[in-house]
Amino acid sequence: MMMALTRSLLCMLLMLPLALWAQAEQEQGCLQCHTLQVSPAVHGIFANHHGAGKNGATNNESSAFCSGCHGASEQHRSDPLKQLPDIRFGDQASSPEQQNAACLGCHKGQERMAWVGSLHQQEDLSCAGCHSLHSAQDQVLSNGQQADTCFGCHRDVQAKSHLPSTHPVVAGQVSCSDCHNPHGSPTPSSLTGVTLNDTCFSCHAEKRGPFLFEHAPAAEDCGLCHDPHGSVNRDLLTSRTPFLCQQCHSAAFHPSQLMDGSGLPSGSSNMNLLGKNCLNCHSQVHGSNHPSGGRLTR
Ligand code: HEC
Ligand code: HEC
Ligand code: HEC
Ligand code: HEC
Ligand code: HEC
Ligand code: HEC
Ligand code: HEC
Ligand code: HEC
Ligand code: HEC
Ligand code: HEC
C-alpha cells in the first residue's frame with residue numbers, strides 16, 4: 001500500500017516536468033514560423049527602435065520580445081491556424097484598451113501623461129492607428145508625412161491646409177504635433193503650450209513682447225484674429241480688415257459706421273473710408289514699444 005502510493009507520487013513528480021517540457025516543445029518560437037520568407041513585413045521591426053536593440057531586450061529574436069506587444073500567445077503558438085495571438089492590432093484587432101495597454105506598459109508618462117481622458121482616448125483611437133510598428137520608418141513621426149495620417153480623420157483641417165494662407169504643414173516645415181500633442185494635453189484642443197499664445201510664441205517669439213503698449217486681444221488670444229489652420233485672407237486672418245477690427249471697435253475715435261461699401265460710389269466717399277485699412281495707420285497691431293505708440297500707429 002505505502003509502496004504503491006510512493007511510487008505514484010514519484011511518478012507524478014517525474015511526469016509533471018516531462019509534461020511541461022513536452023508542451024514547450026510544441027510551442028515554437030514566433031520567428032520559427034514567422035520567418036523572413038513567410039512574413040517579410042514582420043521583420044521590418046528589426047530596422048526601428050523597437051527591434052534594433054534599443055529596448056533593452058537581450059535578444060530581440062526571442063519570443064519574449066514579440067510577446068511584449070502581442071502577449072504570450074501560447075495557444076496560437078501550438079495551434080496557429082485555429083488560435084489567434086492574444087493581442088492583435090490589424091484586421092481582427094483586439095479592443096483598443098487591450099492594444100493600448102500593451103504599449104502603455106512601457107510608454108506611460110512623459111508626452112502621454114494626459115492620454116487617459118484625452119479626446120483621442122475617449123474616441124477609442126488605438127496607438128497602432130497612428131503608429132506603424134513593423135516598418136523601418138513610422139510615417140507619423142516624419143514631419144513631411146505626419147499630416148497624411150491626421151487628414152484621414154480631420155478632413156476640415158485638410159481642406160483649410162490648401163487655402164491661400166496656411167502654415168506650411170503640407171510642405172512639411174510645420175507639423176501638427178508642433179502645436180498639438182496627439183496624446184492629449186491639459187490645454188483645450190490638446191495644444192503643446194501651456195496656453196494657446198504660448199504655443200505660438202515657441203516660433204513667433206517676437207509677438208510675446210513685453211510691449212510698452214499692449215493690444216489687449218493679442219496679449220489674450222492670437223486665435224481672436226488668426227485661424228492657425230488656414231484662411232482665405234492674408235496672414236491667416238479670420239476676417240479682412242477693416243471688418244476684423246470693427247468686430248470690436250465699432251465706436252472708437254473714428255466714425256462709428258461700418259466701413260463697408262455703402263458710402264460709395266465716389267460722390268460721398270469720405271477720407272475715413274478710402275485708404276481706410278486700419279493697418280495703414282495702426283501698423284503695430286500686436287503691440288508697440290514706441291514712446292508714443294499708444295495708438296499702435298508706430
Ligand atoms: C507554429 C507556427 C507559428 C508560431 C510559433 C507563431 N505563429 Fe503567428 N501565425 C502563424 C500563422 C500560420 C498565422 C496566420 C494565421 C491565419 O492567417 O489564420 C499567424 C498569424 C499571426 C498574426 C496575425 C494575426 C491576425 O490578426 O490575423 C500575428 C500578429 C502573429 N501570428 C503573431 C505571432 C506571435 C507574436 C508569435 C509568438 C508569440 C507567433 N505568432 C507564433 C503561425 C505561427
Ligand atoms: C512594439 C510592439 C510590437 C512588437 C514588439 C511586435 N509587434 Fe507585431 N505588430 C504590432 C503592431 C502594432 C501590428 C499591426 C501592424 C503594424 O502596426 O505594423 C503588428 C502586426 C503583426 C503581424 C501581422 C502583420 C500583418 O501584416 O498582418 C504579425 C504576424 C506580427 N505582428 C508578428 C510579430 C512578431 C513575430 C514579433 C516579434 C519578432 C512582433 N510581431 C513584435 C506590434 C508589435
Ligand atoms: C517592452 C517595452 C515596449 C513596448 C511594449 C512598446 N514599446 Fe515603444 N519603445 C520602447 C523603447 C525602449 C523605445 C525606444 C525609446 C527611445 O529610443 O527613446 C520605444 C520607442 C517607441 C517609439 C519612438 C520610435 C522612434 O523612432 O523614435 C514609438 C512611436 C513607440 N515606441 C510606440 C509604441 C507603440 C505604439 C507600442 C504598442 C504597439 C509600443 N511602442 C510598445 C519600448 C516599448
Ligand atoms: C492621433 C495619432 C496618435 C496616436 C493615437 C498615438 N500617437 Fe504616439 N505619436 C504621434 C505623433 C504625431 C508623434 C510625434 C510627436 C512629436 O514629434 O512630438 C508621436 C510620438 C510618440 C512617441 C515618441 C515620442 C517620444 O515620447 O519620444 C511614442 C513613444 C508614442 N508616440 C507612443 C504612443 C502610444 C503608447 C500611444 C497609445 C497610447 C500613441 N502613441 C498614440 C501620434 C499618435
Ligand atoms: C500653428 C499651430 C497649429 C498647427 C500647425 C495645427 N493646429 Fe490644430 N489647432 C491649433 C489651435 C490654436 C487650435 C485651437 C483653435 C481654437 O480653439 O480656436 C487648433 C484646433 C484643432 C482641432 C480642434 C477642432 C478644430 O478643428 O478647431 C483639431 C481637430 C486640430 N486642430 C487638428 C489639427 C491637425 C490635424 C493639424 C495638422 C494637419 C493641425 N491641427 C495643425 C493650432 C494648430
Ligand atoms: C482615426 C481617426 C483620427 C486620427 C487618425 C486622428 N484623429 Fe484627431 N480626433 C479624432 C476624433 C474622433 C476626435 C474628436 C472629435 C473631433 O474633435 O473631431 C479628434 C480630436 C482631435 C483634436 C482635438 C482634441 C481636443 O482635446 O480638443 C486634435 C487637436 C486632434 N484630434 C489632432 C490630431 C492630430 C494632430 C492627428 C495626427 C497626428 C490626429 N488628430 C489623428 C480622430 C482622429
Ligand atoms: C513650429 C513653429 C510655428 C508655430 C508653433 C506657429 N507658427 Fe505661425 N508660422 C510658422 C512658419 C514657419 C510660418 C511661415 C513663415 C513664412 O512663410 O515665411 C508661419 C506663419 C504664420 C503667419 C503668417 C501666415 C502667412 O500667410 O504669411 C501667421 C499669422 C502665424 N504664423 C500665426 C501663428 C499663430 C497664431 C500661432 C499659434 C496658434 C502660430 N503661428 C504658431 C511657424 C510656426
Ligand atoms: C487684433 C487682431 C490680431 C491678434 C489678436 C493677433 N494678430 Fe497677428 N496679425 C494681425 C494682423 C492684422 C496681421 C497682418 C498685419 C501685420 O503684418 O502686422 C497679423 C500678422 C501676423 C503675423 C505675420 C506677419 C508678421 O508680423 O510676422 C504673425 C506671425 C502673427 N500675426 C502672429 C500673431 C500671434 C503669435 C498672435 C498672438 C500673440 C497674434 N498674431 C495676434 C492681427 C492680429
Ligand atoms: C477681439 C477684439 C478686438 C479686435 C478684433 C481688435 N481690437 Fe483693438 N483693441 C481691443 C481692446 C479690448 C483694446 C483695449 C481698449 C482699451 O484699453 O480701452 C484695443 C485697443 C486698440 C487700440 C488702442 C486704443 C487705445 O485707446 O489705446 C487701437 C489703435 C486698436 N485697438 C486698433 C485695432 C485694429 C487696427 C484692429 C484690427 C487689426 C483691432 N484693434 C482689432 C480689442 C480688439
Ligand atoms: C488715416 C490713419 C488712420 C486710419 C486709416 C485709422 N486710424 Fe485709428 N487712429 C488714427 C490716429 C492718428 C489715432 C490717434 C488719435 C489721437 O491719439 O488723438 C487713432 C486712434 C484710434 C483708436 C483709439 C481711439 C480712442 O478713443 O482713443 C482706435 C481704437 C482706432 N484708432 C481704431 C481704428 C480702426 C478700427 C480703424 C479701421 C477701421 C482705424 N483706426 C483706422 C489713425 C487712423
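Buried here means under 20% relative accessible area and exposed over 50%, with partly exposed in between (1.4 Å probe, protein chains only). By that yardstick cysteine 179, at 29% relative accessibility, is partly exposed, whereas cysteine 66 is buried at 18%. A disulfide is taken as a pair of cysteine sulfur atoms within 2.5 Å, and a search of the whole structure turns up 0 of them.

The model is predicted, so local features need pLDDT of at least 70 and side-chain atom pairs count only at pLDDT 80 or more, while totals for chains, interfaces and linings use all residues. Residues are numbered from 1 along each chain as its sequence is written, chains are lettered from A and ligands numbered from 1 in the order in which they are written, and side-chain values use heavy atoms, with hydrogens and water left out.

Turning to the iron of ligand 5, its protein donors (N, O and S atoms within 2.8 Å of the metal, or 3.2 Å for Na, K and Ca; water is not among the atoms, so sites may look incomplete) are NE2 of His180 and NE2 of His229, at 1.9 to 2.0 Å. The 6 donor atoms subtend angles of 87 to 179 degrees, which makes the arrangement octahedral (six donors, opposite ones over 155 degrees apart and all others between 65 and 115). The two histidines sit 49 residues apart and link distant parts of the chain: histidine 180 is in the loop between H10 (176-179) and H11, and histidine 229 in the loop between H12 and H13 (243-246). Helices are DSSP runs (H or I, at least four residues), numbered from the N terminus. Histidine 180 is partly exposed at 26% relative accessibility, and so is histidine 229, at 31%.

His180 also turns up around ligand 6, along with Cys176, Cys150 and Cys153, among others; a residue is near a molecule if one of its heavy atoms lies within 4 Å of it. Polar contacts are pairs of N or O atoms within 3.5 Å. Side-chain atoms of histidine 120 and histidine 154 each lie 2.8 Å from a nitrogen atom of ligand 6, and serine 190 comes 2.9 Å from an oxygen atom of ligand 6.

Ligand 8 has 18 residues around it, with Lys207, Cys222, Cys225, His226 and His286 coming nearest. Lysine 207 places a polar side-chain atom 3.0 Å from an oxygen atom of ligand 8. For histidine 226 and histidine 286, the partner is a nitrogen atom of ligand 8, at 2.8 Å. Helix H11 gives the largest share of the shell, 3 residues.

Technical notes. A polar contact is a pair of N or O atoms within 3.5 Å; within protein, one must be able to donate a hydrogen and the other to accept it, and residues adjacent in sequence count only if both atoms are side-chain atoms. Four donors count as tetrahedral if all angles lie between 85 and 135 degrees; four count as square planar and six as octahedral if opposite donors are over 155 degrees apart and all others between 65 and 115; anything else is irregular.
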